[in-house]
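Subject: Structure for you to look at

Hi,

Here is the structure I promised to pass on. Have a look at it first, and then read on for what I found.

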Amino acid sequence: MKRVPNDYTEEENEEMNGAVREEKIFPHDLAMQIFPLLDDYFIGTFAKNSKGILMKMENGQVFQLKVEEIA
């Protein structure tokens with residue numbers, strides 16, 4: 001039987017899930033993962049910066065989107 005590239009065995013899935021659970025996620029990295037999705041949901045201009053994402057909405061509002069670890 002030919003395997004599809006993303007057709008992982010149950011054991012491979014468990015290994016990958018374990019690696020994801022153990023890896024530390026940094027707030028800025030998470031914000032950068034969210035960044036490309038903003039165009040799909042909002043109308044405005046979005047720019048990456050050291051604090052996270054600067055959002056300039058079409059109606060003139062400006063937001064700073066930050067991700068912060070709380071626990």
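Let me begin with one strand pair: β2 and β3 run antiparallel to each other, joined over 4 bridges. Please keep in mind that this is a predicted model.

Two of the residue partnerships are easy to pick out. Leucine 54 has glutamine 64 in β3 as its bridge partner, and methionine 55 is matched with phenylalanine 63, again in β3. The two strands make a hairpin with 4 residues between them. If you look at the turn, you will find glycine 60 there with a positive phi of about 100°.

Stepping back to the sheet, it is an open one of 3 strands, ordered β1-β2-β3, with antiparallel pairing. β1 (44-49) and β3 (62-65) are at the edges and have a single partner strand each, so one side of each lacks a neighbour in the sheet. On average, neighbouring strands are turned by 20° against each other, ignoring direction.

What lies across the sheet strands? That is α2, which lies across β1, β2 and β3. Its direction is at about 40° to β2.

Now to the core. The largest nonpolar core has 7 residues: Ala31, Met32, Leu38, Phe46, Ile53, Met55 and Met57. Two elements, α2 (27-34) and β2 (52-57), each give two or more residues to this core. The largest share, 3 residues, is from β2.

One core member to click on is isoleucine 53. Leaving aside residues up to four places away in sequence, isoleucine 53 touches Ala31, Met32, Phe35, Leu38, Phe46, Ala47, Phe63, Gln64 and Leu65. Among these, Ala31, Met32, Leu38 and Phe46 also belong to the core.

Finally, some figures for the chain as a whole:

- The protein chain has 3 helices and 3 strands, and from the N terminus its elements follow the order α-α-α-β-β-β.
- The chain has 71 residues, and 13% of them count as buried.
- Taking contacts between residues at least 6 apart in sequence, 17% join residues at least 24 apart.
- The accessible surface is about 6,400 Å², with 54% of that belonging to carbon and sulfur atoms.

Happy to go through any of this with you on screen.

Best wishes

Conventions. Residues are numbered from 1 along each chain as its sequence is written. This is a predicted model: local features need pLDDT of at least 70, side-chain atom pairs count only at pLDDT 80 or more; totals for chains, interfaces and linings use all residues. Side-chain values use heavy atoms; hydrogens and water are left out. A nonpolar core is a set of buried Ala, Val, Leu, Ile, Met, Phe, Trp, Tyr and Cys residues joined through side-chain atoms within 4.5 Å. Buried means under 20% relative accessible area, exposed over 50%, partly exposed in between (1.4 Å probe, protein chains only). Contact means heavy atoms within 4.5 Å. Two strands pair if DSSP finds at least two bridges between them. Axes are lines fitted to C-alpha atoms, for helices over the stretch in contact, and angles run from 0 to 180 degrees between N-to-C directions. Accessible areas come from the Shrake-Rupley method with a 1.4 Å probe; for residues, only the protein chains shown count as cover.
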